[in-house]
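Subject: A structure for you to look at

Dear colleague,

I am passing on the structure we spoke about, and below it you will find what came out of looking through it. Please keep it open beside this message as you read.

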Amino acid sequence: MNLVVDVGNTRTKLAVFDKNNMITVVIVEQSEVLDGIKELRKSYNQLHLAIISSVGVIDQAVVNYLNLHFILLVLSHETPLPFNNLYATPKTLGIDRIALVCASVQQFANKNVLIIDAGTCITYDFITNTNDYLGGSISPGIRMRYKALHNQTAKLPLLETQFPEHFIGNSTINAINSGIVYGVLSEIDGIIERYSADYSDLTIILTGGDTNFLSKQLKSSIFANSNFLLEGLNFILQYNTNG
């Protein structure tokens, strides 16, 4: 059994896999990561392989514990990957984006795939049906847009994420919700349209924290999978260890 540790900007996901099947996933605060791993190890005594991926700061005590009790793979730009990375600056490609591309290789082999990760940022990653990763784009996520309107202006309030009552906002609150939510939806639909114009057999994956909020509102046909990144990390671990 495999342990997947995905250290994000604010929280960490811990997942247990039995081969390709995810058994459980736990979301913990950064200060609770080590305790969370210890609890999972008690509950699943067959855990012996682990992978850790981080876009944030890794507590060295967590790494030390994993090294002591697991065969550990720390995902980096030096890790062997199952695709051709044609990114012009591969060392700057986010670890999370690498994991998402690997998940698409495993689950949608020999297809043109656009992966949209709607989280803190919205990232777009594209891999061809010949297994070539070409790159993509990065834009602000939904919460980042709410915070930017509040922080960069004198009087606009900081709102919770909410689907707008109407496309035409008849109050400041409604106008902010409309501008952000419909702006994000239009952006995603527009980018999908651009890729589809060049790749008619395009497969589209939507993942990330805002998956459920956005998935039903998009015009395009998509596969929604909030655990896609975790599945990609598990595949990388299997690819490198035969675990």
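The chain contains 7 helices and 11 strands, and please bear in mind throughout that this is a predicted model.

On the overall form, a compact globule of 243 residues would have a radius of gyration near 18 Å, and the chain has 19 Å, so the two agree. Along the principal axes, the C-alpha atoms fill a box of roughly 60 × 40 × 30 Å. Of the 243 residues, 46% count as buried, while the chain exposes about 12400 Å², with carbon and sulfur atoms supplying 50% of that area. If you take the contacts between residues at least 6 apart in sequence, 50% of them join residues at least 24 apart. As for charge, the chain has 16 positive and 21 negative charges, and the mean positions of these two groups are 3 Å apart.

Helix 3 is a good element to study in detail. It covers residues 95-107, and at 1.5 Å a residue its 13 residues should span 18 Å; the C-alpha atoms at its ends are 19 Å apart, which agrees. This helix is mostly covered, since 10 of its 13 residues are buried, among them Ile 95, Arg 97, Leu 100, Cys 102 and Val 105. What do the buried residues of helix 3 pack against? Their partners are strand 4 (49-54), strand 7 (113-118), strand 8 (121-127), strand 9 (132-140), strand 10 (203-207) and helix 7 (228-241).

Val 101, one of the buried residues of helix 3, can be compared in position with Val 26, which is found in strand 3 (residues 21-29). These two residues are 75 residues apart along the chain, and their C-alpha atoms are separated by 23 Å. Val 26 has a relative accessibility of 31% and therefore counts as partly exposed. Not counting residues up to four places away in sequence, Val 26 touches Thr 12, Lys 13, Leu 14 and Leu 40.

Finally, please look at Asn 227, which lies in the loop between strand 11 (223-224) and helix 7. Is Asn 227 buried or exposed? Its relative accessibility is 19%, and because buried means under 20%, Asn 227 counts as buried. Leaving aside its neighbours within four places in sequence, Asn 227 is in contact with Met 22 and Thr 207.

With best wishes

Conventions
Residues numbered from 1 in each chain as written. Predicted model: local features only at pLDDT ≥ 70, side-chain atom pairs only at ≥ 80, totals over all residues. Heavy atoms only, no water. Helix = DSSP H or I, 4+ residues; strand = E, 2+ residues; numbered from the N terminus. Expected span 1.5 Å × (residues − 1). Buried < 20%, exposed > 50% of the residue type's maximum accessible area, 1.4 Å probe, protein only. Contact = heavy atoms within 4.5 Å. Rg over C-alpha atoms; globule rule 2.2 N^0.38 Å. Areas by Shrake-Rupley, 256 points an atom, 1.4 Å probe, with all protein chains shown as cover. Lys, Arg positive; Asp, Glu negative; His and termini not counted. Charge placed at Lys NZ, Arg CZ, Asp CG, Glu CD.
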